[in-house]
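Dear colleague,

I am passing on the structure below, and I would be glad if you could open it before reading further. My notes on what was found follow directly after it.

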Amino acid sequence: MSQVFYLSVSKFAVIIYLTLLFPPPTLSLRSAINVWPKPRLISWPKPLATFISPNFTINFPHHQHLTSSVNRYLLLVQTEHHQPLVTPSVNISTSSSPLETLIITIIDLTAPLQHGVNETYALSISEVGATANLTAATVWGAMRGLETFSQLVWGDPSVVPVGVYVWDSPLFPHRGVMLDTSRNYYGVDDILRTIEAMSANKLNVFHWHITDSHSFPLMVPSEPELAAKGSYGPDMIYSPSDVAKIVQFGLEHGVRVLPEIDSPGHTGSWAEAYPELVSCANMFWWPAGSQWADRVASEPGTGHLNPLNPKTYQVLKNIIRDVAILFPEKFYHGGADEIIPGCWKADPTIQSFLSNGGTLSQLLETFVNSTLPYIISLNRTTVYWEDVLLDENIKVDSSFLPREHTILQTWNNGANNTKKIVEAGYRAIVSSSEFYYLDCGHGSFLGNDSQYDQQTTGGDSGNGGSWCGPFKTWQTIYNYDITYGLSEDEAKLVLGGEVALWSEQADPTVLDTRIWPRASAMAETLWSGNRDRRGKKRYAEATDRLNEWRYRMVSRGIKAEPIQPLWCVRNPGMCNTVNSF
């Protein structure tokens with residue numbers, strides 16, 4: 001039976017509190033054990049371990065979300081019996097008793113799961129006694145510490161290192177995965193499995209790109225026709241109870257669920273319920289004989305909301321209000337990417353507006369000015385894709401985007417666009433397609449793409465045949481520094497990053513392999529960095545650790561793709577190169 005432990009004012013409390021605030025800087029890693037992402041600090045001076053008692057328990061303070069987390073990890077510790085690919089070189093301590101109890105102490109039990117919450121924890125497993133201690137700043141930090149503890153346990157019967165000390169805290173507060181559920185539908189269980197894997201990798205934001213031009217799968221209570229007519233079918237709709245289940249599951253795993261309702265672009269699916277609101281709906285995306293600049297969409301699936309129709313805002317505000325009710329998350333993603341001139345120009349009312357001296361950027365400013373204040377009134381911070389400020393053709397003046405209420409997510413031009421965003425004084429979330437787009441390199445989805453009809457090498461088809469090819473390897477992701485080229489003050493505006501899986505060519509059959517373990521690579525760089533204590537990139541030693549972690553994820557039910565033959569793991573160093581390419 002779990003017992004309740006509150007932090008009392010004592011010498012122990014003071015020591016732990018100071019440890020959380022001022023971690024010891026000099027302890028070093030001497031470990032054959034594997035934790036992913038690598039902790040900021042781990043000390044294991046002697047390679048000793050002890051058995052986990054058959055009666056092992058976890059004692060913790062009462063908290064509704066921590067209770068389910070503790071129960072989950074207790075079962076994992078008791079039943080996983082992970083067998084590492086390379087057996088740790090340890091001795092079973094003859095002086096240590098089997099570990100009976102993990103005691104969790106939490107400094108602030110009331111801190112909500114929100115951006116910037118303190119995820120710091122300290123874990124200590126002594127050589128003497130039968131008790132381990134996990135002290136965390138918040139419930140959410142305790143969940144991170146429980147994951148670390150679970151990864152320290154291995155074998156059958158289960159053993160755990162002793163004389164080990166871990167201090168850990170993330171470098172970046174925003175560490176996420178974006179999943180597009182409009183182009184192809186994912187069942188609730190697929191989303192839950194993804195959130196569970198995220199938690200195991202200490203990722204904390206599930207960015208849910210719910211709607212797009214291709215389908216509108218979210219049942220919005222005040223606008224039910226959008227899903228009824230705009231989804232792929234009644235069995236491919238997320239009901240309010242589905243959303244509640246996903247949000248609750250996220251809370252139990254320390255993962256925020258950030259909803260995105262993309263607009264005014266990417267809204268073709270809305271036309272099934274409201275054809276009068278959507279410009280260029282159901283048009284062919286790139287008319288024959290026209291230039292690329294004259295396209296009406298950047299890929300098949302057309303439609304932009306018409307900012308000149310007052311009903312646009314009536315419907316959209318209903319959606320925003322309901323989404324704010326369904327999702328407790330304080331960030332609301334409004335999209336605002338890829339506004340294509342040809343789409344708006346195809347609309348007669350917009351043609352008249354333009355002929356009277358109006359501009360397309362003024363249209364977008366009208367849209368933002370008619371929606372952003374309403375989002376703010378619901379106590380939400382708005383996230384937009386970078387285009388709203390940086391697009392070459394259609395963008396708004398920064399005066400329409402108050403910095404205290406606006407975050408910009410970058411996806412083009414790598415570090416250059418991140419630099420532009422923070423130079424303008426905005427907070428940034430980094431999803432650079434050159435590094436963090438997981439769908440790249442799998443070809444084009446056009447049905448008659450002539451670039452593949454080649455008998456000689458060359459052309460984009462050799463680069464994966466996609467606009468953002470080649471495939472982004474885990475090494476590419478791991479080595480990306482999201483604050484590259486920024487000053488110290490500019491880097492403070494970078495909240496973190498997200499890998500993104502757009503679903504033109506992804507669905508539940510490939511979900512796990514597209515995301516994992518490449519998202520694990522980002523997870524470590526945003527948690528503890530990609531460099532060792534000397535400042536050198538550590539991708540070489542990360543390879544063996546990621547192999548082990550990928551193998552363990554698979555054993556936990558996540559179908560992560562392999563990164564090397566098993567032979568490489570069994571023969572350490574033999575798959576490395578000692579030469580530069």
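A cluster of aromatic residues is a good place to begin in this predicted model: Y185, F206, W208, Y238 and F327 are linked by ring pairs. In the whole structure there are 19 aromatic pairs, and one of them joins W208 and F327, whose rings meet edge-to-face with 5.9 Å from centre to centre and 75 degrees between the planes. With an angle of 75 degrees, this pair counts as edge-to-face because the planes are over 60 degrees apart. The two residues come from distant parts of the chain, since W208 belongs to strand β10 (residues 205-211), while F327 sits in the loop between α7 (310-326) and β14 (331-335), 119 residues apart. Are these two residues buried or exposed? W208 has a relative accessible area of 0%, so W208 is buried, and F327, with a relative accessible area of 1%, is buried as well.

Two charged residues also lie over aromatic rings. K202 is placed over the face of W527, at 5.9 Å from the ring centre, and R256 is placed over the face of F331, at 4.9 Å from the ring centre.

Turning to the strands, you will find a closed barrel of 8 strands, which runs in the order β9-β10-β11-β14-β15-β16-β17-β18 with parallel pairing. On average, and with direction ignored, neighbouring strands of this sheet are turned by 30 degrees against each other. Within the barrel, strand β11 (residues 256-263) pairs with β14 in the parallel sense over 2 bridges, and E260 stands opposite H333 in β14. Helix α7 packs on the sheet, where α7 touches both β11 and β14, and the direction of α7 makes about 175 degrees with that of β11.

The last item concerns a pair of helices. The axes of helix α2 (residues 64-79) and helix α6 (residues 240-252) come within 8 Å and cross at roughly 70 degrees. This makes α2 roughly perpendicular to α6, because angles of 65 to 115 degrees are counted in that way. Which residues meet where these two helices come together? From α2 there are H65, S68, S69 and R72, and from α6 there are Q248, L251 and E252.

If you would like a place to start when you view the model, I suggest W208 and F327, the edge-to-face pair described above, and then the barrel of 8 strands.

With best wishes

Methods: Residues are numbered from 1 along each chain as its sequence is written. This is a predicted model: local features need pLDDT of at least 70, side-chain atom pairs count only at pLDDT 80 or more; totals for chains, interfaces and linings use all residues. Side-chain values use heavy atoms; hydrogens and water are left out. Rings of Phe, Tyr and Trp (its six-membered ring) pair if their centres lie within 6.5 Å; planes under 30 degrees apart count as stacked, over 60 as edge-to-face and the rest as tilted. Helices (H or I, at least four residues) and strands (E, at least two) are DSSP runs, numbered from the N terminus. Buried means under 20% relative accessible area, exposed over 50%, partly exposed in between (1.4 Å probe, protein chains only). A charge sits over a ring if NZ of Lys or CZ of Arg is within 6 Å of the ring centre and within 35 degrees of the ring normal. Two strands pair if DSSP finds at least two bridges between them. Axes are lines fitted to C-alpha atoms, for helices over the stretch in contact, and angles run from 0 to 180 degrees between N-to-C directions. Contact means heavy atoms within 4.5 Å. Angles under 35 degrees count as roughly parallel, over 145 as roughly antiparallel, 65 to 115 as roughly perpendicular and the rest as oblique.
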